[in-house]
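Okay, thanks for squeezing me in before coffee. Let me put the structure up and then we'll walk through it together.

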Amino acid sequence: MTSMKKAEQKIVVLTGAGISAESGLSTFRDNNGLWENHRVEEVATPEAFDRNPDLVHGFYNRRRQALSEVKPNAAHLKLAEIEPLYQSFLLVTQNVDDLHERAGSQNLIHMHGELLKKRCVLCHQVSHQRNDLSVESICQYCHQQGTLRPHIVWFGEMPLLMNEIMLALMQCDLFVSIGTSGTVYPAAGFVEVANQSGAHTVELNLEASEQASQFKESFHGPASSVVGDYFN
Ligand code: BV8
């Protein structure tokens with residue numbers, strides 16, 4: 001581990017579904033590939049939405065409503081606590097829940113979008129959404145009906161703010177990956193960018209991920225304990 005003091009360090013943290021598991025939100029690959037009883041291709045692709053918008057709206061409505069029943073866990077809180085200690089701290093999450101915000105994280109990028117936002121496919125306005133969406137929903141900006149979709153990055157779609165993320169990865173001294181299986185790209189390739197930039201790379205996960213061999217250090221266990229142990 002480098003001898004740099006935290007106050008001089010630039011850190012990028014990547015999180016995945018595993019950091020929200022102990023808050024009660026299901027991960028993607030723990031229950032034999034089914035995700036809330038759906039195959040991913042059925043509900044998390046633009047084709048699925050075109051084919052069956054009611055099914056996809058229902059899938060996201062249920063997950064959006066579930067957010068009011070869960071709260072951040074010790075891992076989310078620890079990341080928010082340490083943020084001001086670093087010269088620069090960027091938290092990139094693959095998660096679409098709002099637990100990092102509720103824990104107090106400030107410099108946060110949701111690269112796969114957010115459950116609590118919607119987007120109009122006609123006027124492209126993105127806005128906050130707490131209640132259910134449906135094909136009957138009307139855009140508050142262009143007043144069209146049936147043009148609203150979850151502001152979620154589906155498979156085959158480009159993740160958000162990739163330029164900012166890549167720049168931070170190329171400039172960071174420390175890259176810490178938490179609670180992700182390392183199976184979804186481009187997020188799964190971030191550790192390689194960090195390694196090539198000369199950063200120290202650490203994996204904190206319940207078990208070795210698909211990218212485990214790429215990390216200089218790894219600590220296995222539930223996020224609510226390994227994150228606190230590593231950053232203390
Ligand atoms: C794109 C929103 C291109 C949906 C999601 C090579 C290069 C580039 C792309 C590809 C490629 N090969 C294939 C692709 C296509 C695809 C892809 O990667 N497929 C995979 C399956 C092979 N990638 C894409 O389509 C991406 N887009 O590449 O666009 C492009 C180029 C030009 C122009 C246009 C487009 C978009 C991917 C985004 C898809 N959307 N989410 C939603 O949430 O509803 S991805 C989805 O998976 C979630 O965001 C999730 O976060 C993410 C990754 O899963 P994990 O977070 O890692 O969760 P998982 O369950 O897998 O693992 C949990 C881990 O936690 C486990 O390791 C477990 O051990 C651990 N854990 C469990 N409990 C705990 C724990 N750890 C600690 N504590 C615990 N308590």
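I'll start with the ligand and then move on to the sheet and the helices on it. One thing up front: this is a predicted model.

So, the ligand. There are 36 residues around it, and the ones that come nearest are R29, Y60, G156, T180 and S181. If you sort that shell by class, you get 17 nonpolar residues, 13 polar ones and six charged ones.

Now, the polar atoms. An oxygen of the ligand sits 2.7 Å from a polar backbone atom of G156, and G156 is also one of those nearest residues. On the nitrogen side, one ligand nitrogen is 3.1 Å from a side-chain N or O atom of E22. A ligand nitrogen is also 3.2 Å from a polar backbone atom of L206. How much of the ligand does the protein bury? Taken alone the ligand exposes 1,500 Å², and 76% of that gets buried. Helix 1, residues 18-21, and helix 4, residues 53-66, are the elements giving two or more residues to the shell.

Okay, the sheet. It's open, with six parallel-paired strands in the order 5-4-1-9-10-11. At the edges you've got strand 5, 108-110, and strand 11, 217-220, each pairing on one side only. From one strand to the next, the twist averages 15°.

Zoom in on strand 4, residues 88-93: it pairs with strand 5 over three parallel bridges, and L91 has L108 as its bridge partner there.

Last, the helices. Helix 5, residues 74-82, lies across strands 1, 4 and 9, at about 155° to strand 4. Helix 7, residues 162-171, touches strands 1, 4, 5 and 9, and its direction makes about 130° with that of strand 1.

Definitions and conventions. Residues numbered from 1 in each chain as written. Predicted model: local features only at pLDDT ≥ 70, side-chain atom pairs only at ≥ 80, totals over all residues. Heavy atoms only, no water. Near = heavy atom within 4 Å. Polar contact = N/O pair within 3.5 Å; in protein donor to acceptor, adjacent residues only side chain to side chain. Areas by Shrake-Rupley, 256 points an atom, 1.4 Å probe, with all protein chains shown as cover. Helix = DSSP H or I, 4+ residues; strand = E, 2+ residues; numbered from the N terminus. Nonpolar A, V, L, I, M, F, W, Y, C, P; charged D, E, K, R; others polar. Pairing = 2+ DSSP bridges. Axes fitted to C-alpha atoms, helices over the stretch in contact; angles between N-to-C directions. Contact = heavy atoms within 4.5 Å.
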